Amino acid sequence: MSDLKDRLADGLYGLGWATVKKLPEPVAAGLGRRIADLAWKRRGASVLRLESNLARVVPDATPERLAQLSKAGMRSYMRYWMESFRLPTWSKERVERGIDIKDIHYLKEGLASGRGVVLALPHLANWDLAGVWVTRSLGVPFTTVAERLKPESLYDRFVAYRESLGMEVVPHTGGSAFGRLARRLRSGGLVCLVADRDLSASGTEVTFFGDTARMPAGPAILAQQTGALLLPVTLWYDDTPVMKGRVHPPVEVPGAGTRAEKAAVMTQALADAFAEGIADHPEDWHMLQRLWLADLEDRGPGERGAEGQVADERGAEGQAPGARAPERREGGAA
């Protein structure tokens with residue numbers, strides 16, 4: 001049964017990539033909204049989890065308001081997929097028309113300095129589109145991380161897809177991957193990591209919307225060990241076809257403390273920047289999984305909740321493999 005589900009998942013995403021990119025753009029957008037509305041009406045685990053997460057982001061929201069936000073959230077989530085299926089067919093001009101990033105000077109100045117840059121993002125709007133804009137419009141290649149999926153053929157699809165967009169994809173395979181990211185940064189390169197969720201034992205605890213969650217320490221550790229600039233980025237949709245974004249001011253390395261203590265301070269600063277963007281645009285936060293530790297403690301044996309293959313794949317990219325806060329030898333996998 002598991003093998004059958006794996007083959008079905010691979011086939012469905014293959015169908016999506018093959019079919020949606022051939023549709024006229026308005027038709028694809030309309031299809032995405034219809035699928036989102038159908039999923040929302042079913043009130044499945046993903047929708048319920050999304051509403052539970054949004055209740056923390058908007059604590060004074062009425063049930064009616066939460067329902068509106070979750071419906072808009074599912075539409076935003078499906079917009080991500082409809083756009084992503086079509087991105088390989090978009091020209092440089094189409095990409096440039098589809099995105100507007102504020103304060104991009106932080107990124108350009110960081111790269112011009114030669115010190116390397118780590119961009120850290122939450123699951124807001126469409127980070128793949130932002131990545132294509134970086135590679136095609138700015139002409140800057142970058143490296144990211146992807147965790148292996150089941151089936152292997154689905155993982156291969158995601159890797160081939162992102163590589164076709166100009167990204168270097170590093171498998172999430174432990175310290176060797178962390179070292180590869182560090183080498184890219186030491187040579188003045190760019191690393192992009194989705195970094196608002198880490199359920200591993202090595203995740204750094206942060207205060208997020210008033211409660212405790214874990215986020216990966218990888219971006220902070222990479223910045224510490226390589227001297228790279230660490231920049232939070234938030235993205236959002238509005239009522240136009242153009243996705244908006246903002247590069248936040250750099251997260252500085254504290255002048256005092258152990259590596260673990262510095263990483264904790266920096267990761268909290270990332271969490272605060274993410275929270276600012278999410279609070280402004282909660283409907284564009286695609287967090288359909290458990291995040292806060294209190295919610296994880298409530299999970300029953302064997303329960304995955306809304307954590308499906310696709311959600312896992314999007315959530316894994318922020319993990320800088322082997323990046324942990326305990327003290328380690330300089331230059332190794334933190």
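Here are some exercises on the predicted model above, each with a worked solution.

Before you start: residues are numbered from 1 along each chain as its sequence is written, and side-chain values use heavy atoms, with hydrogens and water left out. Because this is a predicted model, local features need pLDDT of at least 70 and side-chain atom pairs count only at pLDDT 80 or more, while totals for chains, interfaces and linings use all residues.

**Exercise 1: The whole chain**

Task: Find how many helices and strands the protein chain has, and what percentage of its residues is buried.

Solution:
- Start with secondary structure. Helices (H or I, at least four residues) and strands (E, at least two) are DSSP runs, numbered from the N terminus. The protein chain has 13 helices and nine strands.
- Next, burial. Buried means under 20% relative accessible area, exposed over 50%, and partly exposed in between (1.4 Å probe, protein chains only). Of the 334 residues in the protein chain, 54% are buried.
- Then look at contacts, meaning heavy atoms within 4.5 Å. Take those in the protein chain with a separation of 6 or more: 77% of them join residues 24 or more positions apart.

**Exercise 2: The core**

Task: Work out which residues touch the most other members of the largest nonpolar core, and which helix gives the largest share.

Solution:
- Get the term straight: a nonpolar core is a set of buried Ala, Val, Leu, Ile, Met, Phe, Trp, Tyr and Cys residues joined through side-chain atoms within 4.5 Å.
- The largest one holds 91 residues, and L119, L190, F208, L235 and W285 touch the most other members. Helix α4 (residues 63-86) gives the largest share of this core, nine residues.
- Here's the background: in soluble globular proteins, nonpolar side chains tend to be buried together.
- Now pick out W285. Leaving aside neighbours within four places in sequence, its contacts include L50, H123, F208, I278 and W292.

**Exercise 3: Two sides of a helix**

Task: For helix α6 (residues 105-112), decide which residues are buried and where they sit around the axis.

Solution:
- L107, G110 and L111 are the buried residues of α6. They cover an arc of only 95° around the axis (taken from the directions from the helix axis to the C-beta atoms), so they lie on the same side of α6.
- Over on the other side of α6, E109 and A112 are exposed.
- What do the buried residues of α6 pack against? Their partners are β2 (117-121), β5 (190-194) and β8 (229-236).

**Exercise 4: Empty spaces**

Task: Find the volume of the largest cavity and of the second largest pocket, and see what lines each.

Solution:
- Terms again. On a 1 Å grid over the protein atoms alone, a cavity is a set of points where a 1.4 Å probe fits but cannot get out; a pocket is an open set with protein on both sides within 12 Å along at least five of seven lines; and lining residues have an atom within 4 Å of a point. Grid points are joined across faces, edges and corners, and a volume is the space filled by probe spheres set on the points.
- The largest cavity holds about 120 Å³ of space. It is lined by 14 residues, with L119, L121, A130, V134 and V233 the closest to its centre. The largest share of that lining, five residues, comes from α7.
- The second largest pocket has a volume of about 580 Å³. Of its 22 lining residues, A29, R33, R75, R79 and T240 are the closest to its centre. Helix α4 gives the most to this lining, with eight residues.

**Exercise 5: Single residues**

Task: Place A213, Y237, R43 and F209, and say how buried or exposed each one is.

Solution:
- A213 is in strand β7 (residues 211-215) and is buried, with a relative accessible area of 0%. A213 and A294 are 81 residues apart in sequence, yet 8.3 Å apart in space, C-alpha to C-alpha.
- Y237 sits in the loop between β8 and β9 (243-247) and is buried at 6%. Leaving aside neighbours within four places in sequence, its contacts include R79, Y80 and H281.
- R43 lies in the loop between α2 and α3 (45-57) and is partly exposed at 35%. F209, in the loop between β6 (204-208) and β7, is partly exposed at 24%.
- Lastly, check phi. Most residues other than glycine have a negative phi. R43 has a positive phi of about 55°, and F209 has a positive one near 50°.
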